[in-house]
Amino acid sequence: MNKLMIVITLLLPFLGGCESYSWLVYENPSLTGTKEGQQCLSPDPVGLGRKVDLTGHEAMRLGNITKVRSVEYQVTKFHGFGKECVVAHGE
C-alpha cells in the first residue's frame with residue numbers, strides 16, 4: 001500500500017499539467033455546414049510566438065467557408081506542450 005501511495009504522489013504533479021478543453025465561440029444553427037476549416041498551432045510554453053485567431057477568420061479562409069455555422073476553440077496540452085486549434089464549420 002505504501003508503494004502505491006508513493007507512485008500516486010510522484011505522478012500527481014505530472015497529471016496536474018494535463019489540459020484539454022473546447023468551447024463554442026460562435027454558433028448559427030440555421031446553416032447546415034458541409035465544409036470544415038481549421039487553424040492549429042503548437043503553443044510555445046514560454047508564451048511567445050503566434051496565437052490562433054479566435055475570431056475564426058483564418059480557419060474560415062483555410063476551409064474556403066463563406067457562411068459560417070459554428071466556430072470552436074480546442075486545446076490539448078501537457079505542461080505547455082500540445083496544440084491549440086480553431087475549427088470553423090459552414091458552407
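Two residues are in contact when their heavy atoms come within 4.5 Å of each other. Keep that idea in mind as we walk through this predicted model.

Let's start with histidine 89, which you will find in strand 4. Is histidine 89 buried or exposed? Its relative accessibility is 16%, so histidine 89 counts as buried, because the cut-off for buried is under 20%. Who does histidine 89 touch? Leaving out residues up to four places away in sequence, its contacts are Lys35, Glu36, Ile65, Val68, Arg69 and Ser70.

One of those partners, isoleucine 65, is a good next stop. Setting aside neighbours within four places in sequence, isoleucine 65 is in contact with Lys35, Glu36, Gly37 and Met60, and also with Ala88, His89, Gly90 and Glu91.

Isoleucine 65 also leads us to the largest nonpolar core, which has 11 residues in all. Its members are Leu41, Val52, Ala59, Met60, Ile65, Val68, Val71, Tyr73, Val75, Val86 and Ala88. Helix 2 (57-62), strand 3 (68-78) and strand 4 (81-90) each supply at least two residues of this core. Which element gives the largest share of this core? That is strand 3, with 4 residues.

Now let's turn to the surface. Here Tyr21, Trp23, Val25 and Tyr26 form a nonpolar patch, and together they have about 380 Å² of accessible area. Pick out tyrosine 21, which sits in strand 1 (residues 18-27). Tyrosine 21 has 34% relative accessibility, so it counts as partly exposed, whereas histidine 89 counts as buried at 16%.

Note on methods:
Residues numbered from 1 in each chain as written. Predicted model: local features only at pLDDT ≥ 70, side-chain atom pairs only at ≥ 80, totals over all residues. Heavy atoms only, no water. Core = buried A, V, L, I, M, F, W, Y, C linked by side-chain atoms within 4.5 Å. Buried < 20%, exposed > 50% of the residue type's maximum accessible area, 1.4 Å probe, protein only. Patch = residues over 30% accessible without salt bridge, like charges linked within 9 Å, V, L, I, M, F, W, Y side chains within 5 Å. Areas by Shrake-Rupley, 256 points an atom, 1.4 Å probe, with all protein chains shown as cover. Salt bridge = Lys/Arg side-chain N within 4 Å of Asp/Glu carboxyl O.
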